[in-house]
Amino acid sequence: MRWRGRRQSKNIEDQRGSSSRGGFSFPRRGGGFRFPRGRGLRVGGRRGGLGGVGLIAVVVIMWFLGVDPAVILQSLTGNSGGQFTSPQTNRQPAKLGDDLGKFVAVVLADTEDAWRLQFKQLGKTYKEPRLVLFSNVVRSACGAAQSATGPFYCPGDQKIYIDLSFFQEMKFRLGAPGDFAQAYVVAHEVGHHIQTLLGISKQVRRAKSNASRVQANAIQVRMELQADCMAGIWANNTERAKQILEVGDIDEALNAASAIGDDRLQQRGGGRVTPDSFTHGTSAQRSGWFKRGFKSGQLNSCDTFKAAKL
Ligand SMILES: [Zn+2]
């Protein structure tokens, strides 16, 4: 992907290195970070209250099962954001000294340009999300998260959270190398922001609260596949405007979408593949919807909720 010399987003908050200086702790019981009793979240066949360490383990395990951390944190805390206060935000644009940080800032700027135009076509104004780079642990309006949580979007503060070590994880553990694969991950999280701005996330939360576990998973799959499709729209619009693609880029994104499909992750986890527990969609579905968004470049091609076949 061609990215050097292009505009970097000003919406980056660089909190790398700040988390290891102490001062971070999981809130105690009663402090808002609670495991709801009897809500039916089962891990390893057990059910019940968990302390901070158990909670981290749950989040890590769930991520490997393909659940978006923001969703887990919300279901664990029983809150849709707002209970936590984010660390003081530095409104000054981050001065990024490293290539990977700069790269992410360019990709974020590309998503801003693409979605500003898409929203204009809808007669709406695009509100840019902020992106927090962190290492080890971070606090968001959706709760605390660790690096192992993987990248996530928090609707409560409309920020994307990424520990860049995840890209190493993708390359070496998940078999998804390449800069365009990394850009796809950022664009997928921006997709969740678009869903929040368009009111889709709210409708999904409401629908899930009245649904069985299996139904709720099925709804979540459509939500995730839509974010993949939206990542495809970003790729289409950015290529048309800026000619960023190099040979093999789209394959990198498709490969990444496949590598983090629920079926693949479950197999890697050594388990049987049980579609009812999927929350992100299969590898074929994920790469399929990215491709669809990339081909059309239009939001109306991404209605995963109406699609008869995913
Ligand atoms: Zn997602």
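# A tour from helix α3 outward

Select helix α3, residues 99-121. This helix lies across β1, β2 (130-134) and β6, and runs at about 165° to β2. The model is a predicted one.

**The whole chain**

Zoom out for a moment. The chain holds 10 helices and six strands. Of its 310 residues, 43% count as buried. Take the contacts in the chain with a separation of 6 or more: residues 24 or more positions apart account for 76% of them.

**The sheet under α3**

Now show the strands that α3 lies across, β1, β2 and β6, and add β5. Four strands form an open sheet here, in the order β1-β2-β6-β5, with mixed pairing. Which strands stand at the edges? They are β1 (12-15) and β5 (152-154); each has a single partner strand, so one side of each is left without a neighbour in the sheet. Tilt the view along the sheet. On average, neighbouring strands are turned by 25° against each other, direction ignored.

Stay at the β5 edge. Select residues 159-162, strand β6, which pairs with β5 in the antiparallel sense over three bridges. Pick Phe-152 next. Its bridge partner in β6 is Tyr-161. Keep Tyr-161 highlighted; this residue returns in the core.

**The separate hairpin**

Move to residues 137-140, strand β3, and residues 143-146, strand β4. The two run antiparallel and are joined by four bridges. How many residues does the hairpin use to join β3 to β4? The link is through two residues. Within this pair, Val-137 stands opposite Gln-146 of β4.

**α3 against α5**

Return to α3 and add helix α5, residues 179-197. The axes of the two helices come within 10 Å and cross at roughly 45°. That angle makes α3 oblique to α5. The crossing of α3 past α5 is right-handed.

Show side chains where they meet. Select these two sets:

- From α3: Phe-103, Val-104, Val-107, Leu-108, Thr-111 and Trp-115.
- From α5: Asp-179, Ala-183, Val-186, Ala-187, Val-190 and Ile-194.

The first set meets the second. Leave Val-104 and Trp-115 labelled for the next stops.

**The core**

Nonpolar side chains tend to be buried together in soluble globular proteins. In this model, the largest nonpolar core has 62 residues. Which residues have the most contacts inside it? Select Val-104, Tyr-161, Tyr-184, Ala-253 and Ala-256. Then colour helix α7, residues 213-242: this helix gives the most to the core, with 10 residues.

Centre on Tyr-184. Setting aside neighbours within four places in sequence, Tyr-184 is in contact with Ala-231, Ala-253, Ala-256 and Ala-257. Two of these names, Ala-253 and Ala-256, are also on the list of residues with the most core contacts.

**Two stops outside the elements**

Go to Arg-6, in the segment before β1. Is Arg-6 buried or exposed? Arg-6 is partly exposed, because 15 other C-beta atoms lie within 10 Å. Draw a distance to Ala-109. The two residues are 103 apart along the chain, yet their C-alpha atoms are separated by 8.8 Å.

Finish at Thr-125, in the loop between α3 and β2. Thr-125 is exposed, because 9 other C-beta atoms lie within 10 Å. Now draw a line back to Trp-115, one of the α3 residues that meet α5. Thr-125 and Trp-115 are 10 residues apart in sequence and 9.3 Å apart in space, C-alpha to C-alpha.

Note on methods:
Residues are numbered from 1 along each chain as its sequence is written. This is a predicted model: local features need pLDDT of at least 70, side-chain atom pairs count only at pLDDT 80 or more; totals for chains, interfaces and linings use all residues. Two strands pair if DSSP finds at least two bridges between them. Axes are lines fitted to C-alpha atoms, for helices over the stretch in contact, and angles run from 0 to 180 degrees between N-to-C directions. Two residues are in contact if their C-beta atoms, placed from the backbone, lie within 7 Å. A nonpolar core is a set of buried Ala, Val, Leu, Ile, Met, Phe, Trp, Tyr and Cys residues joined through C-beta atoms within 7 Å. A residue is buried if 20 or more other C-beta atoms lie within 10 Å of its own, exposed if 12 or fewer, and partly exposed in between; C-beta atoms are placed from the backbone. Angles under 35 degrees count as roughly parallel, over 145 as roughly antiparallel, 65 to 115 as roughly perpendicular and the rest as oblique. A crossing is left-handed if the near helix is turned anticlockwise from the far one by less than a right angle, and right-handed if clockwise.
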